[in-house]
Amino acid sequence: MKQYMVTRPLYSEDAFADVHEKIHRHHKTVRHHVKQYFTCDLKRAKNAALSLLPFIGWMRIYQLKEWLLSDIVSGVSTGLVAVLQGLAYSLLASLPPWYGLFTAFFPVIVYFFLGTSRHISVGAFPVLSLMVGAVVTRLVPDEGPPVNITGFEGLTSDEQRVMVAASVTFLMGIMQLAMGLLQVGFIVMYLSDTLVSGFTTAAAVHILVSQLKFVLGLVVPGLSGPLSIVYTLEKIFVQIEKTNVCDLVTSILIMVVVFIVKEINDRYKAKLPVPIPIEVIMTVIACGVSYAFNFRVNYKVDVVGRIPVGYESPMGPNMQIFGQTAVEAFPMAIVGFAVAFSVAKVYSVKHDYIIDGNQELIAFGASNIIGAAFKSFAASTALSRSAVQESTGGKTQIAGLLSALIVMVVTLAIGFLLEPLPKSVLGAVVIVNLKGMLMQIREVPYLWRRDRPDCVVWLVTCLASILLGLDLGLAVGLGIELLTVVFRAQFPRCSVLANITGTDIYKERKDYMSIYEPQGVKIFRIPSPIFFANIDFFRGKLVEAVGFNPLRVLRKRNKALRTIRKLLKKGELQMTSKGLLLTSSGPIEESEDESNMEDLDQPTDFKDLPVQVNWNSELPANIQVPRVDVHSLILDFSAVSFLDISALKGLKAALKELIRVEVEVYIVACDAYILKKLHSCMFFDDEVKSSMFFLTLHDAMLHILDKHPVNSENTKVCEKVITTATIHGNQCNGVSSLRSRDRFVHVSESETKF
């Protein structure tokens, strides 16, 4: 086993500062940062251009011969999937199917210029589409009149829905763009993997229920709001006997075939040059069969119907809709960015390049704003579509651009071929692609075994999102997640440490057999920041660790002093060679001067007494004062990252209480920032001094052992049992004891070297 030996002086913080001079650093002021932010030169302008238009960076290194063919293959494959998913996810948004083609085109073009990821496929995302659909059906319900909004006059129901979807998407884009410009891309850090998993699982349940009406061929109005999923299921089962058998059989057949082939793709992905595009193949077959047998007329099957050729003229957003949808638009902006950024991060790590969260916000914000102007709905990315783009060899967003061209060809030229496609086929494709999200429920047993607070976050987020709706469910999930963070910080697992025999290592004393724990010394560690919410918990745990309440002991001592002074004044207590001796045989009552109760919290004062009282010895007149067996307390601050003002006040009060009952307090491994803050906040005074701060826990322990040598009849070893160095150059003459689970262990001096 490798060993090392260190010989150095024993350092307190003050001693270390005296020996090692610090470099004075000039910290930039707010004015300097503002001035630097608005300063422009050629280099900064170039960096700004490359940052705002990331495609310039990778286009400059584009390897034409090696990458172009892969991008072409990837673009064609992704484009075919994007066409199908665009049509399918439009149904989730409660819009005519062809608007999904717009979402698969305009946002992709904008992202090509502004996005930093080279592999994600931009377009419709099922969870976002469902959230858009909830807004659309709330303002323009299937049954009953729409909400009274200026601009709806003279429009059909579909046109009103398109206006709502485009307006909420525009507002969502504004929010994303604003967050990007304000550099708040870090906001996604508040969405943990657990929360996102529970939320997307709930979204998958909503999507599954919303597609049942297409699979069964039923007419069910779209509902939104709390318990909408329950009411939707009720409406489905009420008319279950009206199920269209042709739709049901077609859907089951599609789902079975697609599921089997996707499993084959997953199992043999290393051997297949490209995944089998089974969704596209089955869609083409379904279109042909539907056209040949005239499903629409003969079997009353609801089909996609007429797909207009070309693009529609742009439109401006409706400001009144902004006011009606602002609450829903914000979670949509967060969810859309969080999902896209998570997928982009996976591929950036895999292919070794950097993505910028703030630039991604700008890219998606601009994509949604421009897309909404051309009547597309909310765009993000989908893992399945991005997986196709990456697994088929896509190297850059050239593949994304080509996929948009495929969508454009369908929109401008061959869209009519999709008109006989049954909507049940689109519903079946959507459902079969939910497998990944629904299987996330398998995380629950693992989370319950490993991290129950995280499991609670998952379950609450999922259930709230299912029952209350995705927007309220996300808010509830965020609230629960923040509560768990507060709970962990407010109630940290504090511990009492002890020295591992013969080393300078300190561990939880309950976890190890052979430990060194000098009598009268306690080492207390708090593994979290100390702030207003946990300072009382910290003080309670500290009292528990030392084994007594210092404030109670102090008050008992001061009451005892009052009694002693009273007895001396009356002559009932005299000073002898053996100490204070009681001369009266009558009962003695403890002094209870309620007019000066605040004096009981002050330091004990022996100035008018003939002798200083030893509180751990037997006191005269049967005066009872709790014993204090701890003479030194070390607070390990190595895991304390910050203190707030409330914590500073509470900490100072706790330290003063301990010092006033003659317990020496030492604070070790304190962060330089915290130490500087203590000085600036006037933390130190005549009782709480900066000399109590030591560089390391081991330094403080050596200082205590030098100051309080431990005597033991069972062991006669040097105090150097936990050190090889001398203390300030002087050999120690004290002795110490080793505790190994309540038994003494003899250790030779040679075994203490480290």
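Is the crossing of H8 and H10 left-handed or right-handed? The crossing of H8 and H10 is left-handed, meaning that the near helix is turned anticlockwise from the far one by less than a right angle. The contact, defined by heavy atoms within 4.5 Å, is made by Pro126, Val127, Leu130 and Met131 of H8 and by Phe199, Ala203, His206, Ile207 and Ser210 of H10.

This is a predicted model, in which local features need pLDDT of at least 70, side-chain atom pairs count only at pLDDT 80 or more, and totals for chains, interfaces and linings use all residues. Residues are numbered from 1 along each chain as its sequence is written, and side-chain values use heavy atoms, without hydrogens and water.

The axes of helix H8 (residues 126-139) and helix H10 (residues 193-216) come within 10 Å and cross at roughly 65°. Helices are DSSP runs (H or I, at least four residues) numbered from the N terminus.

A cavity is a set of points on a 1 Å grid over the protein atoms alone where a 1.4 Å probe fits but cannot get out; lining residues have an atom within 4 Å of a point. There are four cavities of 30 Å³ or more, and the largest has a volume of about 70 Å³, the space filled by probe spheres set on the points. Its lining includes Leu191, Phe199, Val335 and Leu474. H10 gives the largest share of this lining, four residues.

The table sets out residue classes (Ala, Val, Leu, Ile, Met, Phe, Trp, Tyr, Cys and Pro are nonpolar; Asp, Glu, Lys and Arg charged; the others, Gly among them, polar).

| Site | Nonpolar | Polar | Charged |
|---|---|---|---|
| Contact of H8 with H10 | seven residues | two residues | no residues |
| Lining of the largest cavity | eight residues | one residue | no residues |

Methods: Axes are lines fitted to C-alpha atoms, for helices over the stretch in contact, and angles run from 0 to 180 degrees between N-to-C directions. Helices (H or I, at least four residues) and strands (E, at least two) are DSSP runs, numbered from the N terminus. On a 1 Å grid over the protein atoms alone, a cavity is a set of points where a 1.4 Å probe fits but cannot get out, and a pocket is an open set with protein on both sides within 12 Å along at least five of seven lines; lining residues have an atom within 4 Å of a point.
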